[in-house]
Amino acid sequence: MAELNTGDGGGGKGGKVRSKKQNSKVDLTAMVDLAFLLITFFMLTTSLSKPQSMDLSLPNKEDDPTVKPTKVDENRTMTVMLGADNKIVYYMGLLESPIAGPKDIAYGKDGIRREVLKRKKSVLEYSTALGKPKNGIIVIIKPTKKSTYRNLVDILDEMAITGVETYAIVPEFTPEETKLVDKK
């Protein structure tokens, strides 16, 4: 049982005899029970923070021979390759006849973000000139086996920040792309 004892309040002053006071006791059992009930209540009713995840649409695993590959205008595509040691190489269009690049670039607002925004604007101007103003930029993200998971998350964050709606993660490389990413 929990209790609170207070002192007797005195004791032999100068030989005077005083009447002894009773010790007062306060029973704290009810307060301890209430504290544990409140702790238990808040533990059971509080929701813990839920982990945040990114929605990712993946293609079906079944290969349908009747489905033809989608043709995409190479003037709208930007390929971003992620290499070792935080290396990014990008180019616009096809690698055989690129519109821009291939060029090494850095992460962040002065690097890949500025380039994506600039290319997004030029693709919108190109699409509007063709009479298809809703066709925006398509970014193909190609992480190598030497790139880190953090690099992939960083580039996906850049896609969200810049408002790129159409992007794909493709783990396949041509020999020329492998040479570009691996050269120092």
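Two strands pair if DSSP finds at least two bridges between them. Keep that in mind as you select Thr 79, which stands opposite Ile 140 in β6. Strands here are DSSP runs of E with at least two residues, helices are runs of H or I with at least four residues, and both are numbered from the N terminus.

**Before you go further**

This is a predicted model, in which local features need a pLDDT of at least 70 and side-chain atom pairs count only at pLDDT 80 or more, while totals for chains, interfaces and linings use all residues. Residues are numbered from 1 along each chain as its sequence is written, and side-chain values use heavy atoms, with hydrogens and water left out.

Try colouring by pLDDT, the predictor's confidence in each residue, from 0 to 100. The protein chain averages 79, and 84% of the residues score at least 70. Confidence is lowest in strand β1 (residues 3-5), with a mean of 62, and highest in α1, at 91.

Now switch to a cartoon view. You should find 4 helices and 7 strands in the protein chain. Followed along the sequence, they give the pattern β-β-α-β-β-β-α-β-α-β-α.

**Stop 1: the sheet**

In what order do the strands of the open sheet lie? The 5 strands run β5-β4-β3-β6-β7, with mixed pairing. At the edges are β5 (98-105) and β7 (166-169), each pairing on one side only. From one strand to the next, the twist averages 15 degrees; such angles run from 0 to 180 degrees between the N-to-C directions of axes, which are lines fitted to C-alpha atoms, for helices over the stretch in contact.

Start at the β5 edge and select residues 88-93, strand β4. β4 and β5 pair in the antiparallel sense over 5 bridges, and they form a hairpin with 4 residues between them. Click on Met 92 to see Ala 100 of β5 opposite.

Next, select residues 77-82, strand β3, which pairs with β6 in the parallel sense over 6 bridges. On the way to the other edge, 4 bridges join β6 to β7, and these two strands also run parallel. Ile 140 has Ala 168 as its bridge partner in β7, and Thr 79 stands opposite Ile 140 on the β3 side.

Stay with β6 (residues 138-143) and show its surroundings. Why is this strand largely enclosed by the rest of the structure? Because 5 of its 6 residues are buried. Buried means under 20% relative accessible area, exposed means over 50%, and partly exposed is in between (1.4 Å probe, protein chains only). Across the protein chain, buried residues make up 24% of the 184 residues.

**Stop 2: salt bridges**

A salt bridge here is a side-chain nitrogen of Lys or Arg within 4 Å of a carboxyl oxygen of Asp or Glu. A search of the whole structure finds 6 of them.

Select Glu 177 and Lys 142, whose closest N and O atoms are 2.8 Å apart in a salt bridge. Glu 177 lies in helix α4 and Lys 142 in strand β6, so the pair ties together parts that are 35 residues apart in sequence. Both Glu 177 and Lys 142 are buried.

Move to helix α2 (residues 112-129), where Glu 115 and Lys 118 lie 3 residues apart, about one turn of the helix. Their salt bridge has its closest N and O atoms 3.8 Å apart. Glu 115 is buried, at 7% relative accessible area, whereas Lys 118 is partly exposed, at 47%. Add Arg 119 to the selection: Glu 115, Lys 118 and Arg 119 are linked in a network of salt bridges.

In helix α3 (residues 149-162), pick Arg 150 and Asp 154, which are 4 residues apart, about one helical turn. Their side chains meet in a salt bridge (3.7 Å, N to O). Arg 150 is exposed, with 62% relative accessible area, and Asp 154 is partly exposed, with 23%.

**Stop 3: a loop residue**

Find Glu 172 in the loop between β7 and α4 (175-182). Is Glu 172 buried or exposed? At 59% relative accessibility, Glu 172 counts as exposed. Select Pro 143 too: the C-alpha atoms of Glu 172 and Pro 143 are 8.7 Å apart, although 29 residues separate them along the chain.

**Last stop: helix α1**

Finish at helix α1 (residues 29-45), where you will find Ile 39. Ile 39 is partly exposed, at 47% relative accessibility.
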